[in-house]
Amino acid sequence: ALSVDGDELGSASLPSAASELRSWRDNRGRQRLGVCLPEENQILLGTIPEGSEADWPSFLSRAIGPQIGAGQGILAYPLSFDVGPDGRTFVLDAAAAQVIVFDSAGRYVTRFGGRGDGPGQFDFGQGIRNIQGNLDFSGSIAVDADGYVYVADERNARVQIFAP
């Protein structure tokens, strides 16, 4: 972590490489934090207590994945996520070429998408290892203040927008 002046405040250890780190305020005004760990098929979430030191990994106390829920399967390389204004978490599940939605308590709600180039379909890559040993997945997801979901469908060279 860096201070405003660019000085390192500390570092953290995670079980594997993170693809994305996000911070936001929930509807109660609490500072929340989440990190995608695609190789673990998991997203870690937590709340940062007011006035706390910058020891954020210790606050990552909740996990989404790898198991989603009874009969719902697993996350397959969660590359990106965002949290909507209603507290729902939208996960870009790259290997499955879909978006998976969880409620504010982290319970599975629904999923949409699938591999392809038609409306509502995605191509985030094939999961082939490149020369550096990384999987070829790419893409991102964002949710605006009105709940619209934006999915960067990079292999199809487009951004798809979904209504709340």
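How many bridges join strand β2 (residues 31-37) to strand β3 (residues 42-48)? Here are some notes on that and on a few other places worth a look; please keep in mind that this is a predicted model.

1. To take the opening question straight away: seven bridges link β2 and β3, and the two strands run antiparallel. If you would like a residue pair to find the register by, try Arg32, whose bridge partner in β3 is Thr47.

2. Now for the sheet around that pair. β2 and β3 belong to an open sheet of four strands, ordered β1-β2-β3-β4 and paired in the antiparallel sense. Its edges are β1 (20-25) and β4 (62-64), each of which pairs on one side only. From one strand to the next, the twist averages 20°.

3. Further along the chain, have a look at β7 (residues 78-83) and β8. These strands are antiparallel and share five bridges. Ser80 is a handy place to start, as its bridge partner in β8 is Leu92. The two strands make a hairpin with five residues between them, and Gly87 in the turn has a positive phi of about 90°.

4. β8 also pairs with β9 (residues 98-102), again antiparallel and again over five bridges. Two residue pairs let you follow this register: Thr89 stands opposite Phe102 in β9, and Phe90 has Val101 of β9 as its bridge partner. Four residues lie between the strands of this hairpin, where Ala97 takes a positive phi near 55°. That one may catch your eye, being an alanine with a positive phi.

5. The next pairing is that of β9 with β10, where five bridges join the antiparallel strands. Val99 can serve as the guide here, with Phe112 as its bridge partner in β10. This hairpin has five residues between its strands, and Gly106 adopts a positive phi near 85°.

6. Is β8 mostly covered or mostly open? Covered: five of the five residues in 89-93 are buried. In a regular strand, side chains alternate between the two faces of the sheet. In β8, Thr89, Val91 and Asp93 lie on one side, while Phe90 and Leu92 lie on the other, and both faces are covered. Do note that Asp93 is among the buried residues.

7. β9 tells a similar story, as five of its five residues are buried too. Gln98, Ile100 and Phe102 point one way and Val99 and Val101 the other, all of them buried. Returning to the pairs above, Phe90 and Val101 are bridge partners; Phe90 is buried in β8, and Val101 is buried in β9.

8. Finally, a stop outside the strands. Phe124 sits in the loop between β10 (108-113) and β11 (140-143). Why does Phe124 count as buried? Because its relative accessibility is 0%, and the cut-off for buried is under 20%. Phe124 and Phe137 are 13 residues apart along the chain, yet their C-alpha atoms are separated by 5.3 Å.

Note on methods
Residues are numbered from 1 along each chain as its sequence is written. This is a predicted model: local features need pLDDT of at least 70, side-chain atom pairs count only at pLDDT 80 or more; totals for chains, interfaces and linings use all residues. Side-chain values use heavy atoms; hydrogens and water are left out. Buried means under 20% relative accessible area, exposed over 50%, partly exposed in between (1.4 Å probe, protein chains only). Two strands pair if DSSP finds at least two bridges between them. Axes are lines fitted to C-alpha atoms, for helices over the stretch in contact, and angles run from 0 to 180 degrees between N-to-C directions.
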